[in-house]
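I opened this notebook to record what I looked up in the structure. The entries follow the order in which I went through it.

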Amino acid sequence: MAGFCGHQFNFLGLSDDESVYDKSRFVILPVPYEQTTTFGKGTADGPRAIISASHEVELFDDELLSEPYHAGIHTLPEMEITASGPEKMTESIYKNSLPLIENGKIICMLGGEHSISSGLVQAYHEKYPSLSVLQFDAHADLRETYQGQRFSHACAMKRIRDYVDKTAGIGIRNYSKEEYELIQKDNIPIVSGSELDMPDKWLDDILSYLTDDIYITIDCDFFDPSLMPGVGTPEPGGGRWYPTLNILKAVAKRKNIVGFDVVELMPIPGSLVSEFTAARLIYKLIGYITEL
């Protein structure tokens, strides 16, 4: 963690006294892992960039009229990365997150590539057997394998479905014929990018389909590239800021969000837009979980 020490590596720049593990409801878990990305490279730098940008986020939330950080947000050191491949990495995430979950923590995992999500979902599924997963993403990520790898970032949701029966995707606007056929066969609820601005037509159905205990995985390419340009696989026509917050508010009001991740951020040299947006998004979601 060269360049960071003490509170400098804490999310929001909180002091160590303000982010004591035992008193924190939330835990930030940075996982700077990247091995299977296939277009833009640099998601391994995402966790550090998000944490650094978060120091510029105001602690007072102008919408909630509160300071959600008082619920406690503890930032762990960057997780050690294995060189043994993505399957071993997900196993390591699973094993390391189990004690956090047993301690009742709501984990926010920062990626890194999307393949890391399945390890944390597996751990949460042991604690919450009826767990369902809500995906914000441009891509379905439902391939059985990609380039010969079952644990590719392009297979993230397929690996999650090895543990979880109910998943739903929002903002999906690029996927293969293989994935389309699986979506049809398994009746997986998918909201296309063209439907994002019409939540009245689908949001209630999505929330009714999902179980009470929910995990949220947010691939940053869910957002339109004009808002979030720093991603490895950008797709036009994605989510906008306030409509996305309205969706997250609805989820937080009706569901028990047990954990979440924000992955696939690829910092762009000379631009801080994407990492600051991601940091703001994380703090907004923490606020919704805490206050709503």
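**Entry 1: β3 and β8**

I began with C108, which stands opposite F260 in β8. The model I am reading is predicted. I then looked up the pairing of strand β3 (residues 106-111) with strand β8 (residues 256-263): four bridges join them, and the two run parallel. On the helix side, I noted that α2 (residues 86-102) lies across β1 (26-31) and β3. The angle of α2 to β3 is about 155°.

**Entry 2: the sheet as a whole**

In which order do the eight strands of the open sheet come? I read the order as β2-β1-β3-β8-β7-β4-β5-β6, with parallel pairing. At the edges I found β2 (73-75) and β6, each of which pairs on one side only. From one strand to the next, the twist averages 15°.

**Entry 3: β5 and its neighbours**

I next asked whether strand β5 (residues 167-172) is mostly covered or mostly open. It is mostly covered, as six of its six residues are buried. I checked both of its pairings in turn.

- With strand β4 (residues 132-136), β5 runs parallel and shares four bridges. Here I noted A168 of β5 as the bridge partner of L134.
- With strand β6 (residues 190-192), β5 also runs parallel, and three bridges join the two. Here I noted that I170 stands opposite V191 in β6.

I also traced the connection: β5, helix α5 (residues 177-186) and β6 form a β-α-β unit, and this unit is right-handed.

**Entry 4: α7 against α8**

I turned to helix α7 (residues 241-254) and helix α8 (residues 273-291), whose axes come within 9 Å and cross at roughly 30°. Angles under 35 degrees count as roughly parallel, so I recorded α7 as roughly parallel to α8. The crossing in which α7 passes α8 is right-handed.

Which residues of α7 meet α8? I listed W241, L245, L248, K249 and A252. Their counterparts in α8 are T277, R280, L281, K284, L285, Y288 and I289.

**Entry 5: T277**

I closed with one residue of that interface, T277, which lies in helix α8. Is T277 buried or exposed? Its relative accessibility is 10%. The cut-off for buried is under 20%, and therefore T277 counts as buried. Leaving aside residues up to four places away in sequence, I found that T277 touches L227, M228 and W241. W241 is also among the α7 residues that I had listed as meeting α8.

How values were computed
Residues are numbered from 1 along each chain as its sequence is written. This is a predicted model: local features need pLDDT of at least 70, side-chain atom pairs count only at pLDDT 80 or more; totals for chains, interfaces and linings use all residues. Side-chain values use heavy atoms; hydrogens and water are left out. Buried means under 20% relative accessible area, exposed over 50%, partly exposed in between (1.4 Å probe, protein chains only). Two strands pair if DSSP finds at least two bridges between them. A crossover is right-handed if, with the strands pointing away from the viewer, the path from the first strand over the helix to the second runs clockwise. Axes are lines fitted to C-alpha atoms, for helices over the stretch in contact, and angles run from 0 to 180 degrees between N-to-C directions. Angles under 35 degrees count as roughly parallel, over 145 as roughly antiparallel, 65 to 115 as roughly perpendicular and the rest as oblique. A crossing is left-handed if the near helix is turned anticlockwise from the far one by less than a right angle, and right-handed if clockwise. Contact means heavy atoms within 4.5 Å.
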